[in-house]
Amino acid sequence: MTYKKVRTRFAPSPTGFLHIGGARTALFNWLYTRRHEGTFVLRIEDTDQARSTEESTRAILDAMTWLGLNWDEGPYFQAERVNIHRVMVQKLIDEGKAYYCICTPEELEAKRKKALAEGRKPKYDGTCRNRGLARSPGSVVRFRCPEVGMTIVRDLIKGNISFNNEELDDLIIERADGYPTYNFAVVVDDAQMGITHVIRGDDHVNNTPKQIRIYEALGCETPLFGHVPMILGSDKARLSKRHGATSVMAYQEMGYLPEALVNYLVRLGWSHGDQEIFAMEEMIREFSLEAVGKSAAVFNPEKLLWLNQQYIMSYPGERLAEVVLPFWEKRGFDLSNRGYAAKAVSDLRTRAKTLVELADAGAFFFREEVDYDPEAAAKFLTPEYGGHLQVVAERIPAVEDYTKDGLEAFLRALAEERGTKLKWIAQALRVALTGKTVSPGIDEVMVTLGKERVIERIRLALARIGAGG
RNA sequence: GGUCCCAUCGUCUAGUGGUUAGGACGCUGGCCUCUCACGCCGGAAACCGGGGUUCAAGCCCCCGUGGGACUACCA
């Protein structure tokens, strides 16, 4: 056994945003690398000139950063490496391991259709394989795949997978435009970058035997492979936009914490006994490819929501306030008093599954004028409750122990004195202070709002009652 | 069609030949309670089917069935 230092890579193609599936692949690579104190390389596979964009590259990098998946090398751009790829293509041609092909896409498509219609396998028929053609305009380069024997993929997750070489195709490795195709570029780059472990989605398993043949043709050592199962939507089809948000950054906008998404993703396919919640350090310590399951997993938004709530509840107060602020800022609230905002966040944290929910639920803390819910006001801002409110407003200035416990005692005593139940005073107060019948504990709200705001809001509510509604 | 992969509650999963098949999300009954949450206690809910192997199979083998991936001058 060798003890070569682990080198992994995440190699997305910049044709869109980083999606949930890609994020999990990146996460598994990252965890495996950190676990083994290796090097995590980021490589952008942009050889498809028509579909690759710079915005996508930027978006992918941003999403990785947001998730906390830092890379040690790169990003490298595959398109900048075409000279290396061309040299390797030429090497294979010189050695007779690859050849020029002048079959046109139209011809190939026709042959493919015909083969399929006749129930034969639609692989390249080898027309140009032994013609000894030279490069010409429109020609491509094909890899000469062995026609007999077997290729075994030793997979760290799925075990050994064997393929008959006759199933393999003489795949194109260099397009007519001179750019390498994926299956070739990925091998050249992984080999040249010294990648020791290729961890990727299992939609690549059928490519792997071809790639192994290319490694061998190139005279390179093959890396170890680990094919992680796909993530499916609720209908068991491959996860896509139809199933809801699939872009990582959409989750940030919806008020998810990166730690929650990461924790959700790691449990999709991987487990460590019965444990559900993992700090990053724990994940790194416990992660192993042997513990990754072999079957595809259905993405479950409800569980992610629950995890997000767990993280909101346990996040350090200061950091939680920091990440909530932008959501309030968006509403144009005055957040200059950071201490006040922090207190509000702490009151709200057990009541929100997302930051957006939290920001919504806490809007009353910042609104200049209370936004009364019509039904709530109709029920509680009435002369019947006005009396209670009146007395609360009158007595608050004299409340010495203006704390959660002190206020609770104050309100309980008041309820008893007035021959009613705390709930009636609390609900009336809640509507007067927040405009709603749902809020954090009324004592907490009063503490956070502060005496002045509380009295002011009660007066406004009383004025509304006085005005007859 | 061919090749390859996969198969435990609705979902994520634990399980590695002998278990009342465990946990989590969701659902649900109750408790707590100033509302809503949080929290706590309880419940319903699964080994795809058929053959083997074995004293014994969710765990091993085979065959079905079902799902998925690939089958591009995309990655």
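In which sense do strands β4 and β5 pair, and over how many bridges? Here are my notes, with that one taken up in point 1.

1. Before anything else, keep in mind that this is a predicted model. As for the opening question, β4 (residues 98-101) and β5 run antiparallel to each other, with 4 bridges between them. If you want a spot to look at, find Tyr100, which sits opposite Val141 of β5.

2. β5 has another partner too. Strand β8 (residues 172-174) pairs with β5, again in the antiparallel sense, through 2 bridges. Here Arg142 is the residue facing Ile172 of β8.

3. Now for the side chains of β5 itself, which covers residues 140-143. Val140 and Arg142 point to one side, while Val141 and Phe143 point to the other. That is the usual pattern, because side chains in a regular strand alternate between the two faces of the sheet. Which of these four are buried or exposed? All of them are buried, the arginine included.

4. On to the RNA. Strand B is surrounded by 62 residues, and the closest of them are Arg175, Gly269, Thr350, Arg412 and Arg430. By class, that surface splits into 21 nonpolar, 19 polar and 22 charged residues. Looking from the RNA side, 69% of the strand B atoms within 4 Å of the protein are sugar or phosphate atoms, and the rest belong to bases.

5. Several elements build this surface. Those giving at least two residues each are the helices α4 (105-117), α10 (301-314), α17 (422-434) and α18 (442-449), together with the strands β7 (159-164) and β12 (297-298).

6. Three individual contacts with RNA strand B are good ones to click on. Asp274 puts a polar side-chain atom 2.8 Å from a base nitrogen. Gly441 also reaches a base, but with a backbone N or O atom, 3.1 Å from a base oxygen. Gln427 instead goes for a sugar or linking oxygen, with a polar side-chain atom 3.1 Å away.

7. Salt bridges come next, and the structure holds 32 of them. One joins the side chains of Asp72 and Arg34, at 3.0 Å from N to O. This pair connects distant parts of the chain, 38 residues apart: Asp72 is in the loop between α2 (54-67) and β3 (73-77), and Arg34 is in helix α1 (residues 20-35). Asp72 counts as partly exposed because its relative accessibility is 38%, whereas Arg34, at 18%, counts as buried.

8. Glu118 and Arg120 form another salt bridge, with their closest N and O atoms 2.8 Å apart. Both ends are partly exposed: Glu118 has a relative accessible area of 46%, and Arg120 has 44%.

9. A third example is Asp170 with Arg129, where the closest N and O atoms are 2.6 Å apart. Why does this pair tie together parts that are 41 residues apart in sequence? Because Asp170 lies in the loop between β7 and β8, while Arg129 lies in the loop between α4 and β5. Asp170 is buried, at 7% relative accessibility, and Arg129 is buried as well, at 12%.

10. Finally, some salt bridges share partners. Through them, Arg9, Arg43, Glu45, Arg81, Asp189 and Asp190 are joined into one network.

Conventions. Residues numbered from 1 in each chain as written. Chains lettered and ligands numbered in written order. Predicted model: local features only at pLDDT ≥ 70, side-chain atom pairs only at ≥ 80, totals over all residues. Heavy atoms only, no water. Near = heavy atom within 4 Å. Polar contact = N/O pair within 3.5 Å; in protein donor to acceptor, adjacent residues only side chain to side chain. Nonpolar A, V, L, I, M, F, W, Y, C, P; charged D, E, K, R; others polar. Buried < 20%, exposed > 50% of the residue type's maximum accessible area, 1.4 Å probe, protein only. Pairing = 2+ DSSP bridges. Salt bridge = Lys/Arg side-chain N within 4 Å of Asp/Glu carboxyl O.
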